[in-house]
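Welcome, and please get your viewer ready. We will go from one selection to the next, with a short note on what to look for at each stop.

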Amino acid sequence: LHQSTTGQSFVSPSPPAKRLCCRPGYNATCRQGQRAAWAPCGGSAATQGESSKTQSPESLLDIAARKVAEKWPFQRVEERFERIPEPVQRRIVYWSFPRSEREICMYSSFNTGGEEIGSSGESSDDTRLPFRRGIGLLESGCVDNVLQVGFHLSGTVREPATSSEPELVCNVSVSFDRCKITAVTCSCGNKDIFYCAHVVALSLYRVRKPEQVKLRLPISETLFQMNRDQLQKFVQYLITVHHTEVLPTAQKLADEILSQNSEINQVHGAPDPTAGASVDDENCWHLDEEQVQEQVKLFLSQGGYHGSGKQLNLLFSKVREMLKMRDSNGARMLTLITEQFMGDPRLVLWRQQGTTMTDKYRQLWDELGALWMCIVLNPHCKPEQKGFWLRQLRRWNSVDVCPLEDGNHGSELTNLTNALPQGPPGNPDSLTRPHRTVFTRAIEACDLHWQDPHLQHIITEDHYTNYCYHDNLDSSLFDARGWPLWHEHVPTACARVDALRSHGYPKEALRLAIAIVNTLRRQQQKQLEFFRTHKKELLHKGITSVTNLEGWVGHPLDPIGTLFSTLMETGRGSEDGATVLMEHPVFPAQRFLEEGESFVSLAVETALIGLGQQRVMPDGLYAQEKVCRNEEQLLAKLQEVDLDDSLVKIFRKQAVILLEAGPYSGLGELLYRESVPMHTFAKYLFTSLLPHDAELAYKIALRAMRLPVLESTAPSGDLSRPHHIVSVVPNRYPRWFTLSHIETQQCELASTMLTAAKGDARKLQTVLESIQKNIHSSSHIFKLAQDAFKIATLMDSLPDITLLKVSLELGLQVMRMTLSTLNWRRREMVRWLVTCATEVGVFALDSIMQSWFTLFTPTEATSVVASTVMSNSTIVRLHLDCHQQENLANSARTLALQCAMKDPQNCALSALTLCEKDHIAFETAYQIVLDAAATGMNYTQLFTIARYMEHRGYPMRAYKLATLAMTHLNLSYNQDTHPAINDVLWACALSHSLGKNELAAVIPLVVKSVKCATVLSDILRRCTLTTPGMVALHSRRNSGKLMSLDKAPLRQLLDATIGAYINTTHSRLTHISPRHYSEFIEFLSKARETFLMAHDGHIQFTQFIDNLKQIYKGKKKLMMLVRERFG
């Protein structure tokens, strides 16, 4: 006897009904098996088994039996009538099986399948769905032995053999009650949320071929007709056929029946699995709860991989599908899904680590919250159901890791950032903000009801008007036309629409949607009138407090999206001639449309009102991303609509209102600093209006270019609220996490305008001014400059000089913006600007060179700008004559000299190179180098210029610069690998080549600057190998004798070298380690070679070695090595 605890909803579906059946006359005293109570869901869909063709009328018996079969549990029928005639029982049993394939499809496939019923699957994108396979099996004649005994259907389904699988014969049984399948079993062992193909095949066989199914009364009725002998024979035969399975059970039951005090004898009657439902039975379709839980757990564990996110979204769609069919399993399935989501171990992990959940996972939680909102707003929900759901939601809501509505825990930053002002003035700080989870709105919605008389009239009547009504109050029930209005918090009102749609009340949803839209339009008109009346006063005060702290676009309940979808579904349906509301091909609700208006135009206008609403940017990364995403989704839907004349009219009307509605519109004159920008929306409006009303399109786009959050002025608004200043966070801007995306959209809008304005000088100038005023990012202005350049120089047409000038102007602005800041693209920007100026013409190049100091660093001006201007490719590109070439070259040389004066270290060499062909300019550049040599230049720069001078054929100038470089140089004893050594050797070689006097002048400088013994000995050796002046380029000739080491200047160099070796030796011995001993001995050998160059060198070296042995006698091993080598 099956029993379960009462009061527990959403319990697992019970096995086939086993209510107690007994003889007539026992009814009054029967104690029925108790089941968990649950409200019956709405009536099933229209019957399919009946023909719509004209035929003989149905019998009264069939009509009555069908209605009873749909609504009454069979036990109630039995209790009502003491004896039910067999023909009546047969017709009730016959009509109790589902007649619609739609629900069977819903429980055996992900896709809705309503439109696919009856097809054989060729058009389906997935023939592997159980529903499709089931149809295939049925149509292939694989269903046999179909028998209906009371409320129980059984049969065999043969799965034909394939190349990899043998033939499979499945035993299938189905229990049903009140046109719903309540339990299924199949020997295939299916483990899935959905019914298997075999259950589908058997069920559809019964739906499509009801007359071919053998029908018997419930088994208890058959047994009742047997006498004692027949009953004994029946039992014995049953045991014989199935003795291995049922014999133990049969003996146990016999023992209990024969025992006077057994429990089985305490109740009248016996269970019958074929006898239909008891009064207490829950009437709902069979749903395998365990499989739902397992599948959701599996999808969650895959973390978004293997298409698990898509699978979860399909499950949510299945819940919506069930709600639309008014199937109580929708809420039951969502409860199971939510329990698994709440048990996801990643929630705890993310909370502990302080990391954020992925964006796709966040969206799944949003959908979960939205679905619960729909469920609790079911207009025909019983109070006890709502109470149960409220307790469930509160339990989940109180869990510590329950995700928050405006983002997840990872984005909740520490006190430091929370101390910064966030959100609009007057909003509570993040610290005091109430704890709102994804379930909070659903919990709040439990307090909403549908009993308001005005609301009831709106959703139930197509002709609800009041033409005598005076529309003078803000909360009027009707507008001036007498049409009904519905004043409620807009997202809440739209949640009602979504709930009506979700629960299969499309007409009611449409009526309420129209009332809400008319209210929005009236409110918009009133706001416009108010602003026009108080415009001067408001503009004078400059009040910019935002009018709506909670925007409709990006809102968790997506109110505008709901209205748009509701109206578009109806509109497209009526346009296609196949309306969504099957019962009413023509909508009486159309009486609430203006002349020439359609549901599509109403949907479009609603979207424009919502997108144009001035609203504050919400706090938190996720909420801000949601604003962008929701806006893009709405615009994508709008772009699917073809603009006809009536829609263009609405675009014009809304564009004008948005421009004139002041603080109520995001495109109005008064803009709050932290309002959501309108760039993306305005770009759509601009491209839509441009072919029809270009002036209006530009007005909209130019107005939308504003981005006041980046303006440097202090935020205006309620100054009574203290603005906390935290020194470690210098950024005074609000926390806009999507700012880079917003700036990109602003740039896109500007680029769209530039493209459209090509060829119109006046408009281009206006757009340029707007860009210069409103865009604050150099990289975005640079992108616009490049875009304008590309558009202006398209290959298939002559360059547009006006647009080229705009491009150049933007490029110049970028140069000014990035001149004093670091930017990794700066070199690319400079090169591009020169290319752009070249395209504009020679006057542009001359202009940027004249004002170079406001645009470029001296290095950029000489190495990139002037060099490019003087290159052959530029001259060829500009088709310049000799006179123009010379003028341009003069400008470049003037620029080079100015740069050399300003930054001689980095620009002097470039200046000399650029001025080579102009003697006066070259001499000026050389003089600048000489003047800067004493103070502003280092030896490396001077040596580089000196080598350049030698290369150009000015050895004396090279020598002069080399001597100046030597005065800045200082090489210590251990810098024997210094990069300047080559320059010193080159300078000495140059001096040596020029003659004895020059060498004599440079050697004192070398002695003073170089203390490194090996470098000095190298110079000394080179000077003694050749005669000074032998390779001189000038006319003077020296005698062919080598210079003496005993006389100046070489004697001075020799003494300095020997002194350097002595000093270096002592320095090295101070910190020498045994592993450097051999290297030190080699060093002393080189020193001896230098000592021996002096006439008394041998004596000097011996004295030096003796001195070492005396001073460093403690280093015995080293001194032994010295003795071995040098005596």
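## First stop: helix α25

Select residues 645-660, which form helix α25. In this predicted model, the 16 residues of α25 reach 23 Å from the first C-alpha to the last, close to the 22 Å expected at 1.5 Å a residue.

Now show the side chains of the buried residues of α25: Leu-647, Val-648, Ile-650, Phe-651, Gln-654, Ala-655, Ile-657, Leu-658 and Leu-659. What covers these buried residues? The cover includes α20 (506-533), α23 (599-612), α26 (679-689) and α27 (694-704), so colour those helices separately if you like.

Before you leave, step just past the end of α25 to Gly-662, where phi is positive, at about 55 degrees.

## Zooming out

Show the whole protein for a moment. You have 47 helices and seven strands on screen. Of the 1127 residues, 50% are buried. The protein exposes about 54,100 Å², and carbon and sulfur atoms supply 54% of that area. If you draw the contacts between residues at least 6 apart in sequence, 74% of them join residues at least 24 apart.

## Second stop: helix α12

Select residues 329-342 for helix α12. Its 14 residues reach 20 Å from the first C-alpha to the last, close to the 20 Å expected at 1.5 Å a residue. Why is α12 largely enclosed by the rest of the structure? Because 13 of the 14 residues of α12 are buried.

## Third stop: a nonpolar patch

Switch on the surface and select Ile-219, Phe-234, Val-235 and Leu-238. These residues form a nonpolar patch, with about 300 Å² of accessible area together. Which helix gives the most to the patch? That is helix α8 (residues 228-241), with three residues.

Click on Val-235, which lies in α8. Is Val-235 buried or partly exposed? Val-235 counts as partly exposed, because its relative accessibility is 41% and that class runs between 20% and 50%.

## Fourth stop: Gln-291

Go to helix α10 (residues 289-301) and pick Gln-291 within it. Gln-291 counts as buried, because its relative accessibility is 8%, under the 20% limit. Leaving out residues up to four places away in sequence, Gln-291 touches Lys-191, Asp-192 and Ile-193. Select those three together with Gln-291 to see the contacts.

## Fifth stop: Ser-1009

Next, select helix α42 (residues 996-1009), where you will find Ser-1009. Ser-1009 is buried, with a relative accessible area of 5%. Apart from neighbours within four places in sequence, Ser-1009 is in contact with Met-966, Leu-969, Asn-970 and Leu-971. Try a distance label too: the C-alpha atoms of Ser-1009 and Ser-972 are separated by 8.4 Å, although these residues are 37 apart along the chain.

## Last stop: the cysteines

Finally, display the cysteine sulfurs. How many disulfides are there? The count comes to zero, taking a disulfide as a pair of cysteine sulfur atoms within 2.5 Å. Cys-899 is in no disulfide, and the nearest cysteine sulfur, that of Cys-907, is 5.1 Å away. Cys-899 is buried, at 0% relative accessibility. Select Cys-628 as well: this residue is also buried, with a relative accessible area of 12%.

Technical notes: Residues numbered from 1 in each chain as written. Predicted model: local features only at pLDDT ≥ 70, side-chain atom pairs only at ≥ 80, totals over all residues. Heavy atoms only, no water. Buried < 20%, exposed > 50% of the residue type's maximum accessible area, 1.4 Å probe, protein only. Patch = residues over 30% accessible without salt bridge, like charges linked within 9 Å, V, L, I, M, F, W, Y side chains within 5 Å. Areas by Shrake-Rupley, 256 points an atom, 1.4 Å probe, with all protein chains shown as cover. Salt bridge = Lys/Arg side-chain N within 4 Å of Asp/Glu carboxyl O. Helix = DSSP H or I, 4+ residues; strand = E, 2+ residues; numbered from the N terminus. Contact = heavy atoms within 4.5 Å. Expected span 1.5 Å × (residues − 1).
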